[in-house]
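The exercises that follow are meant to be worked through with the model in view. Each one sets a task and then gives a solution in steps.

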Amino acid sequence: MVINCSSDIKNSMINIQKKMKKKYLFILSTIVLLGFANCNKDNNEPEPEPIAPVQILVSEEYAIGTGLKISYYSDEDPFVGYNKIYFTVKDSITGETISNDLEITILPMMDMGTTQHSCPTEAVVHNSETNQYETAIVYVMPSNPGTWTLTATVINNSNGDSGVALFNFDVVQPDEAKLTSFVSNLDPTASYFISLIQPTDPKVGENEFEILINRRASMMSWPYEPYLTVEIDPQMPAMNHGSPNNVNPVHIGNGHYKGVANFTMTGWWRINMLIKDGEGSVLTDDVYLDITFQ
Amino acid sequence: MKKQIFFVLAILYCYNTNGQDTTLKQIDLQEFTVVEFENEDDPLNEYFRGNRFSMTENAMERIPAISLISRGNYAPEPVYRGFSSGQVNLTIDGMHIFGACTDKMDPVSSYIETNNLQEIEAGNEVNCNSNGAGLGGCIDMKTVKPNLTKKGVYGSLSSGYQTISNGFNVATSIGFNNKFISGLFSGTFRSNDNYTDGNGNKVDYTQFTKANFSAKLVSNFSNFHRIKFDYIYDNAWDVGYAALPMDVSLAKASIYSLSYERYFFSSSIKEIDFTIYGNNIYHEMDDSQRPDVPIRMDMPGWSDTYGAFANVKFRGLNGHDFSFKGDGFVHFARAEMTMYASDAAPMFMLTWPDIQRFVTGLFASDLWSVNDYFNLDYSLRYDYSNSRLQNEAAKDYLRVFGYDVDEPISQSIWNIVIEPKLKLNPLWNLNWLAALKQRLPTVSEQYGFYLFNAQDAYDYIGNPSLDPESALQAEMSVNYKRTTFNVSLTGFYYHLDNYIVGVIDPDLSPMTIGSNGVKVYQSLDYAYMTGFEASAFISKEKFSWVNVLNFTYGKDSNDEILPQLPPLKLTSTFTLKAKNWDISPEIVGAISKEEIRVSFGEKSAPAWLIANLRASYYLKKKTNWTFQAGIENIFDNYYYEFLDWGQIPRQGVNLYFNVTFQF
């Protein structure tokens with residue numbers, strides 16, 4: 001196409017063209033800029049705030065001799081496994097919460113009629129933020145038959161009083177076991193107990209995996225075992241597959257072992273464990289904990 | 001009236017190269033068009049749409065360089081010269097649209113009916129990139145627009161039956177024109193049972209049923225401004241996929257757009273248009289029809305895309321023909337998998353974990369007529385993309401593999417194409433093409449989570465750190481054109497960098513029962529792809545003869561042949577024409593494919609050849625009737641193409657009848 005026109009008209013036409021070009025290029029660039037503006041917006045949802053679990057009152061008793069009322073709280077009704085326990089101590093007359101200067105020792109007992117035995121416990125520690133005394137107990141079997149009691153011995157250092165509170169409660173077997181046990185390949189008299197601490201709220205993705213391992217030294221003595229190596233292999237038994245990049249738990253103190261278990265989907269996972277002693281000899285390769293979630 | 005038609009056609013075909021002879025449609029191997037019902041005088045019509053019954057993809061397959069990967073009898077995946085899915089930019093009217101199935105069971109060509117189509121533009125020339133980056137080329141399915149020249153109400157009704165699958169289809173369209181508005185409404189219904197192969201055996205899981213509805217409205221109040229509204233609804237159900245372990249219970253798409261076009265008749269700008277659009281696809285895989293599955297699964301998928309684009313086309317100036325486009329879209333993809341075992345709680349996971357991808361691009365092209373003998377076409381495109389997983393739960397999935405997906409991934413790609421075209425003399429044309437092409441990794445390649453590939457039986461995991469694939473392309477084509485005789489030969493070579501492929505990770509254990517292992521998408525150093533398309537085309541008054549030959553070959557840096565490369569294939573269609581009828585025998589065949597990519601689970605395929613015979617009879621009075629009948633695979637050959645997954649045999653001898661009534 002050839003355009004014949006004088007240079008004047010040509011120039012003004014070129015000017016008009018330039019203006020029009022600019023106008024429409026402006027529209028184009030606006031569209032593009034709108035696009036860039038969109039990508040700067042932060043569309044991520046805010047992370048949900050973790051909600052502190054509401055504590056359940058399991059039992060309340062007076063520590064006879066101290067004038068103190070002890071309330072035994074837990075995150076759930078007592079179950080076979082690792083139970084986190086919170087004691088709130090109040091003056092039985094004033095109702096005031098006692099914040100410190102107490103020494104509390106605990107002794108859980110299972111009475112099966114012909115025999116009595118205890119179970120693993122942890123030290124009672126005061127939590128200054130919540131004003132509670134915290135501990136944990138691994139109830140190794142359910143009530144029925146047999147009864148569980150918990151004796152809390154309280155020494156009040158501020159006035160020298162001391163007394164004992166005796167709690168009665170039921171321990172249930174949860175639908176999915178949170179405790180498993182094994183006998184050592186190397187020593188048939190050595191029994192070990194593995195209780196699941198985390199995850200309490202499993203999700204797809206990386207989960208902190210924490211367990212406590214105790215050994216039954218005697219009916220009354222259940223010390224924690226710090227010298228083991230634990231290898232985990234999470235599998236889905238219904239599908240025969242595992243997950244990648246799991247981190248074997250390592251000992252972090254007091255018999256607690258912590259690692260990472262990855263779940264690639266919801267459903268029933270079985271955390272298979274291989275337990276070795278300090279020299280690398282296998283104590284068991286046949287123990288597991290199930291975690292099922294939606 | 002004639003001027004108006006020409007004008008409308010000119011608007012529609014503005015992507016064509018210069019020097020187009022409007023009396024006879026030329027075959028330009030770099031750009032092919034398929035013409036629908038209206039243009040029966042087009043000599044290519046018989047070649048592309050000989051069987052009115054055929055699906056969109058069958059017409060597409062006739063385009064040189066295009067093959068189809070078949071996973072069953074429905075929704076094959078278009079392949080351009082051996083480039084597939086993420087490497088080919090498949091659009092509808094320039095709109096970006098993506099399938100909702102993680103296993104590629106629904107390439108978007110499956111949501112468009114032949115009744116919706118005006119033309120299919122496929123190729124890799126300069127203007128292809130206006131619709132987006134496409135490493136291996138672009139395929140733009142242009143939907144039919146109301147025919148603005150018809151008076152009053154017009155339309156057609158067509159119905160057909162085919163024996164091979166007890167298949168029945170009916171299609172209708174009704175259009176109207178008045179002073180203010182033109183409209184076109186169409187509907188299609190298809191129903192097919194399982195078909196029989198060349199050995200007389202029924203092939204299970206090859207059935208499908210679908211319905212499609214579309215509405216198009218165009219404003220008529222002015223020749224300077226037009227407002228257009230388009231809507232397509234497509235719904236397929238009870239669809240079998242013989243080569244896959246699952247079928248599809250439901251695949252539905254809603255595709256809609258609103259455009260404004262402004263035409264100028266006396267300024268340097270020819271046209272500007274602005275379109276805003278959206279599409280929503282839902283796809284549900286289903287294994288309830290399969291008797292023996294290791295584990296039952298529900299697998300729904302969602303793909304939603306919203307975007308807008310604006311075009312500015314300039315009138316020719318000093319031989320230049322400039323065009324600009326700005327384009328942006330956002331795409332959301334989510335796919336779930338729930339597995340049911342008899343003795344366990346249901347297992348739920350996301351295979352596309354709430355992916356969001358935003359892409360914006362700018363395109364500029366010039367078709368420069370330097371002089372009477374030489375044209376230089378060139379174009380430039382830049383795209384910026386931002387991809388992310390939309391929430392923490394989605395990110396947790398990919399974190400399991402140690403990926404850092406806290407922040408979105410930003411990527412930029414460039415596409416530059418230069419096409420010198422030399423007219424040696426009135427008969428001979430010599431065209432070259434040099435290009436830098438890049439494409440973004442697909443959302444599956446970036447964020448896919450245990451996507452099972454039935455071809456090699458591996459679970460695939462995405463890789464957020466993948467770089468865009470990049471290609472340097474060189475191409476040359478020689479055309480000899482007389483008014484009734486064309487011969488064309490195009491040879492091409494691609495050097496590919498960061499070629500994306502799944503690589504076995506021996507440390508990962510598979511998830512899908514029966515899977516051989518896990519592959520993670522990685523970038524290979526380089527790969528190359530080469531081949532040619534040849535066509536010879538005679539069109540005389542009494543007969544026409546179209547021949548197309550395709551070949552592709554390529555290897556990666558491990559000296560292994562690239563996956564999904566079709567072997568040398570020939571299509572030869574001869575049509576004998578008379579005033580009221582035509583008859584068209586044709587042969588289609590391919591040589592054997594021996595060299596295969598073992599790591600992709602490919603199996604070699606034998607050579608095959610089939611013959612088809614089609615006939616049409618036209619009755620043109622006040623209303624037009626077309627009667628069609630044909631026999632496909634006349635000799636009832638048992639065959640399958642190399643790209644057919646699972647070596648599922650194709651249809652045996654098929655008799656079909658179509659009747660079309662136009663008013």
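**Exercise 1: A small open sheet**

In this predicted model, B:Ser67 has B:Val79 as its bridge partner, and B:Val79 belongs to S2(B). Starting from this partnership, work out which strands of chain B make up the open sheet and in what order they are arranged.

Solution. Begin with the pair of strands to which the bridge belongs: S1(B) and strand S2 (residues 77-80) of chain B are joined by four bridges and pair in the antiparallel sense. Next, place this pair in the open sheet, which has three strands in the order S1-S2-S3 (chain B) and antiparallel pairing. The edges of that sheet are strand S1 (66-69) and strand S3 (83-84) of chain B, each of which pairs on one side only.

**Exercise 2: Strands S26, S27 and S28 of chain B**

Find how many bridges join S27(B) to strand S28 (residues 581-590) of chain B, and how many residues lie between the two in their hairpin.

Solution. Look first at the pairing of strand S27 (residues 569-577) of chain B with strand S26 (residues 543-556) of chain B, which is antiparallel and runs over eight bridges. Within this pairing, B:Val546 has B:Thr573 of S27(B) standing opposite. Then turn to S28(B), which runs antiparallel to S27(B) and is joined to that strand by seven bridges. Here B:Leu570 stands opposite B:Gly589, a residue of S28(B). Finally, S27(B) and S28(B) form a hairpin, and three residues lie between them.

**Exercise 3: Aromatic rings and charges**

Decide whether the rings of A:Tyr72 and A:Phe87 are stacked or edge-to-face, and find where the two residues lie in the chain.

Solution. The count over all chains comes to 39 aromatic pairs. For this pair, the ring centres of A:Tyr72 and A:Phe87 are 6.0 Å apart and the planes stand at 65 degrees, so the arrangement is edge-to-face, given that planes over 60 degrees apart count as such. A:Tyr72 lies in strand S2 (residues 68-74) of chain A and A:Phe87 in strand S3 (residues 81-91) of chain A, so that the pair, whose members are 15 residues apart, links distant parts of the chain. Both A:Tyr72 and A:Phe87 are buried. Another edge-to-face pair is formed by B:Tyr480 and B:Phe485, with 6.0 Å from centre to centre and 70 degrees between the planes. In this pair B:Tyr480 counts as buried because its relative accessibility is 16%, whereas B:Phe485, at 28%, is partly exposed. Returning to chain A, one aromatic cluster takes in A:Tyr72, A:Phe87, A:Tyr139, A:Trp148, A:Phe167 and A:Phe169.

Rings also meet charges: B:Arg290 lies over the face of B:Tyr205, 3.9 Å from the ring centre, and B:Lys593 has its charged end over the ring of B:Phe642, 5.0 Å from the centre.

**Exercise 4: The disulfide**

Identify the cysteines that form a disulfide, and determine whether the disulfide is left-handed or right-handed.

Solution. A search of the whole structure gives one disulfide over all chains. The partners are B:Cys128 and B:Cys138, whose sulfur atoms are 1.6 Å apart. The torsion about their S-S bond is about -70 degrees, so the disulfide is left-handed. B:Cys128 is in the loop between strand S6 (117-123) and strand S7 (137-143) of chain B, while B:Cys138 is in strand S7 of chain B, so the pair ties together parts ten residues apart in sequence. Both B:Cys128 and B:Cys138 are buried.

**Exercise 5: Nonpolar cores**

Find how many residues the largest nonpolar core has, and which residues have the most contacts inside this core.

Solution. The largest nonpolar core has 142 residues, and those with the most contacts inside it are A:Ile211, A:Met273, A:Ile275 and B:Met339. Strand S25 (residues 518-539) of chain B contributes the largest share, which is seven residues. Now take A:Ile275 by itself: leaving aside neighbours within four places in sequence, its contacts include A:Phe182, A:Ile194, A:Leu228 and A:Val287. Another core lies apart from the largest one and has 36 residues, among them A:Ile70, A:Ile104, A:Cys119 and A:Leu150. A:Cys119 is buried, because its relative accessible area is 3%.

Definitions and conventions:
Residues numbered from 1 in each chain as written. Chains lettered and ligands numbered in written order. Predicted model: local features only at pLDDT ≥ 70, side-chain atom pairs only at ≥ 80, totals over all residues. Heavy atoms only, no water. Pairing = 2+ DSSP bridges. Phe/Tyr/Trp six-rings, centres within 6.5 Å; stacked < 30°, edge-to-face > 60°. Buried < 20%, exposed > 50% of the residue type's maximum accessible area, 1.4 Å probe, protein only. Lys NZ or Arg CZ within 6 Å of the ring centre and 35° of its normal. Disulfide = S-S within 2.5 Å. Core = buried A, V, L, I, M, F, W, Y, C linked by side-chain atoms within 4.5 Å. Contact = heavy atoms within 4.5 Å.
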